[in-house]
Amino acid sequence: MMMRCGWSAAAVVAVVVMVGVMVASPVAGELARVEHPTKEDGSLAVLVVGDWGRKGQYNQTLVATQMGVIGEELAADFILSTGDNFYNDGLTGDNDTASFQESFTNIYTADSLQKPWYIDALAQQSPAIRAVDSRWTSINKSFIVDSDIAEFFLVDTVPFVQKYWNESKFDWRQVAPRDTYLSTLLTDLGDAMSQSNATWKIVVGHHTISSGCEHGNTTDLVAMLLPVLKTYGADMYINGHDHCLQRITSIDSPLEFITSGGGSRAWAGKFKQTSDKLEFIYDGQGFLSMQLTMAEASFAFYDVTGAVLYSWQLAKSTSTNYQP
């Protein structure tokens with residue numbers, strides 16, 4: 001989540017070049033965009049983990065170790081974080097590099113994980129953090145990772161949740177008024193998705209839309225974000241927030257809801273009903289891998305031993321395609 005400490009982060013720089021990644025500032029009315037190339041054969045391998053930042057506790061180090069193993073096997077191109085990066089309430093300030101290192105730099109040490117980590121967390125855009133670990137790539141509250149065959153639309157879901165606006169730990173000065181902010185964000189997201197020529201359109205946020213785990217569905221996202229995803233042909237929505245691993249398929253669209261929030265503390269033992277189809281659920285720790293080509297996408301959930309808990313494939317011929 002984005003806490004009080006982060007809203008004072010420095011403004012997004014115009015151009016940054018890092019490990020073959022270009023970060024460019026958008027023109028007005030567009031989401032910021034990061035270009036990350038595919039492999040030479042046109043494929044892409046991505047690891048996804050969320051809800052992890054506990055200084056190695058609650059099996060965070062075990063998950064990190066297996067991420068390194070699988071990352072090497074798949075030659076991972078980058079890592080997506082689905083949020084709640086530092087517990088309990090984020091970093092204490094823009095210069096809290098000690099906590100950052102204890103929960104990130106000193107944990108994800110494998111060579112295969114020395115790749116860009118994409119995070120939609122304005123609270124952690126501090127230059128001091130980037131100076132400590134250049135993998136950390138958070139350029140705006142919401143932005144796009146463009147990998148040619150796939151575009152990943154990272155969306156800041158925190159302001160959608162109405163109840164958070166009554167909590168003092170959030171600083172909304174760069175977001176309020178809420179209705180205006182969300183309307184602009186949804187318009188920009190819809191425009192970007194409608195103009196996308198990517199084979200795969202993947203939306204990433206922290207909060208659930210459809211979930212059978214502890215938090216269940218997020219009604220504010222169901223009401224506001226979900227219609228945009230369906231209208232503009234998102235193939236999947238990937239989230240954290242619930243500390244579990246799950247795959248859910250929509251009952252009225254080709255959209256898939258994938259939770260990868262098992263980066264550390266889990267085993268809540270609490271479940272909710274969802275009207276969509278629950279394909280797989282695991283209440284423990286682990287992470288997700290994605291392998292994408294023009295023709296198909298392959299997914300796998302892993303536990304803390306590196307065992308494959310569940311895997312599946314999608315053929316592009318059966319995926320959503322937006323028709324303007």
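This passage walks through one disulfide, some aromatic pairs, two charges over rings and the surroundings of Asp-133. The model is predicted, so local features need pLDDT of at least 70 and side-chain atom pairs count only at pLDDT 80 or more, while totals for chains, interfaces and linings use all residues. Residues are numbered from 1 along each chain as its sequence is written, and side-chain values use heavy atoms, with hydrogens and water left out.

Searching the whole structure turns up one disulfide (a pair of cysteine sulfur atoms within 2.5 Å). The partners are Cys-213 and Cys-244, with sulfur atoms 2.1 Å apart, and the link is right-handed, at 115° about the S-S bond. It joins distant parts of the chain, 31 residues apart: Cys-213 is in the loop between strand 10 (200–204) and helix 5 (219–224), and Cys-244 is in the loop between strand 11 (236–239) and strand 12 (245–249). Helices (H or I, at least four residues) and strands (E, at least two) are DSSP runs, numbered from the N terminus. Cys-213 is buried, at 1% relative accessible area, and Cys-244 is buried at 1% as well (buried means under 20% relative accessible area, exposed over 50%, partly exposed in between, with a 1.4 Å probe and protein chains only).

On the aromatic side, the structure holds 22 pairs. Rings of Phe, Tyr and Trp (its six-membered ring) pair if their centres lie within 6.5 Å; planes under 30 degrees apart count as stacked, over 60 as edge-to-face and the rest as tilted. Trp-52 and Tyr-108 have ring centres 5.5 Å apart and planes at 85°, so this pair is edge-to-face. Both residues are buried. Phe-280 and Tyr-310, by contrast, are stacked, at 4.6 Å centre to centre and 5° between the planes. Phe-280 belongs to strand 14 (residues 277–282) and Tyr-310 to strand 17 (residues 308–315), so the pair ties together parts 30 residues apart in sequence.

Trp-52 and Tyr-108 also belong to one aromatic cluster with Phe-100, Phe-104, Trp-117 and Trp-136. Two of these cluster members, Phe-100 and Phe-104, are touched by Asp-133, as is Thr-105, leaving aside residues up to four places away in sequence (contact means heavy atoms within 4.5 Å). Asp-133 sits in the loop between helix 3 (127–132) and strand 7 (136–137) and is buried, at 7% relative accessibility.

Charges come into play too: the charged end of Arg-54 sits over the ring of Tyr-58, 5.3 Å from its centre, and that of Lys-316 sits over the ring of Trp-200, at 4.6 Å (NZ of Lys or CZ of Arg within 6 Å of the ring centre and within 35 degrees of the ring normal).
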